[in-house]
Amino acid sequence: MALATDSRWRVACVLLRKGRITIRSTNVFGKTHPMQSRLADRVGQPYRVSLHAELRALLNPKAATCDTLVVGRVNRQGELCLARPCPVCQLAIFESGIRRVYYSTDNGTWSEFATRNKVE
Ligand SMILES: [Zn+2]
C-alpha cells in the first residue's frame, strides 16, 4: 500500500480489530483535513497540514471499534523505513483510545510505540 501512494512520503496505515484489518489508509499528497489542522495547532506544529495516513485512518467512523494501529513507510525501493508517528498523529492516537501501535523502523523491523507516554 505504501509503495503504491503518490505521496512523497510513502506511508500506509492499517487499523485492526481483534487481529483483523478493518481500515486501510495512506498518506495523500496535497490533501488536508480540518482535524489535521486543529491537532497540528495543538501540538505547536501548525505546518503539519498534509493529511497523514494515521489520522486519515482514525477519521474513519469504524476506528472507534479498533484496538491496534500499524503504520509503515517504504522508500522508492520498497524497503521499510522509519514511520514513528509524528506529534500530531500521537495526539490523535492517544485521544482515539487505541493503545497498541506498531511502526516500521529504519533497520527493516517493526517497533511498538508506547501510547501510555502521551504526547512528547
Ligand atoms: Zn503524523
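How many helices and strands does the protein chain have? It has three helices and six strands, where helices (H or I, at least four residues) and strands (E, at least two) are DSSP runs numbered from the N terminus. This is a predicted model, in which local features need pLDDT of at least 70 and side-chain atom pairs count only at pLDDT 80 or more, while totals for chains, interfaces and linings use all residues. Residues are numbered from 1 along each chain as its sequence is written.

**Overall layout**

Walk along the sequence and you get the pattern β-β-α-α-β-β-α-β-β. The radius of gyration of the protein chain is 13 Å, close to the 14 Å from the globule rule for 120 residues, so the chain is as compact as a globular protein of that length. That radius is taken over C-alpha atoms, and the globule rule is 2.2 Å times the number of residues to the power 0.38. Along its principal axes, the C-alpha trace spans about 35 × 35 × 25 Å.

Two residues are in contact if their C-beta atoms, placed from the backbone, lie within 7 Å. Among contacts with a separation of 6 or more, 58% link residues 24 or more positions apart. As for burial, a residue is buried if 20 or more other C-beta atoms lie within 10 Å of its own, exposed if 12 or fewer, and partly exposed in between. Buried residues make up 33% of the 120 residues in the chain.

**The core**

In soluble globular proteins, nonpolar side chains tend to be buried together. Here, a nonpolar core is a set of buried Ala, Val, Leu, Ile, Met, Phe, Trp, Tyr and Cys residues joined through C-beta atoms within 7 Å. The largest one has 26 residues, and Val11, Cys13, Leu69, Val71, Ala92 and Ile93 touch the most other members. Strand 1 (10–17), helix 1 (34–42), helix 2 (53–58), strand 3 (68–74), helix 3 (87–96) and strand 5 (100–104) each supply at least two residues of this core. The top contributor is strand 1, with five residues.

Which residues does cysteine 13 touch? Setting aside residues up to four places away in sequence, cysteine 13 touches Ser25, Ala53, Glu54, Ala57, Leu69, Val70 and Val71.

**Helix 3 and its partners**

Helix 3 has Val88, Cys89, Gln90, Ala92 and Ile93 as its buried residues. These pack against helix 1, helix 2, strand 3 and strand 5. Just after the helix, glycine 97 takes a positive phi of about 90 degrees.

Now for the pairing with helix 1. The axes of helix 1 and helix 3 come within 9 Å and cross at roughly 105 degrees. That makes helix 1 roughly perpendicular to helix 3, a label for angles of 65 to 115 degrees, with those under 35 roughly parallel, those over 145 roughly antiparallel and the rest oblique. Axes are lines fitted to C-alpha atoms, for helices over the stretch in contact, and angles run from 0 to 180 degrees between N-to-C directions. Gln36, Leu39, Ala40 and Arg42 of helix 1 meet Val88, Leu91 and Ala92 of helix 3. By class, that contact has five nonpolar, one polar and one charged residues.

**Loops and the N-terminal segment**

Here are some individual positions outside the helices and strands.

| Residue | Place | Other C-beta atoms within 10 Å |
|---|---|---|
| Lysine 18 | loop between strand 1 and strand 2 | 9, exposed |
| Asparagine 27 | loop between strand 2 and helix 1 | 25, buried |
| Glycine 30 | loop between strand 2 (20–26) and helix 1 | 8, exposed |
| Arginine 76 | loop between strand 3 and strand 4 (80–81) | 7, exposed |

Lysine 18 has a positive phi of about 50 degrees although it is not a glycine. Most residues other than glycine have a negative phi.

Asparagine 27 touches Thr5, Ser7, Trp9, Val11, His52 and Ala53, not counting residues up to four places away in sequence. Threonine 5 lies in the segment before strand 1 and counts as partly exposed, with 19 C-beta neighbours inside 10 Å. Leaving aside neighbours within four places in sequence, threonine 5 is in contact with Arg10, Thr26 and Asn27.

Two C-alpha separations are handy when you look at the exposed loop residues. Arginine 76 and arginine 10 are 66 residues apart along the chain, with their C-alpha atoms separated by 8.1 Å. For glycine 30 and leucine 51, 21 residues apart along the chain, the C-alpha separation is 8.0 Å.

Technical notes. Ala, Val, Leu, Ile, Met, Phe, Trp, Tyr, Cys and Pro count as nonpolar, Asp, Glu, Lys and Arg as charged, and the others, Gly among them, as polar.
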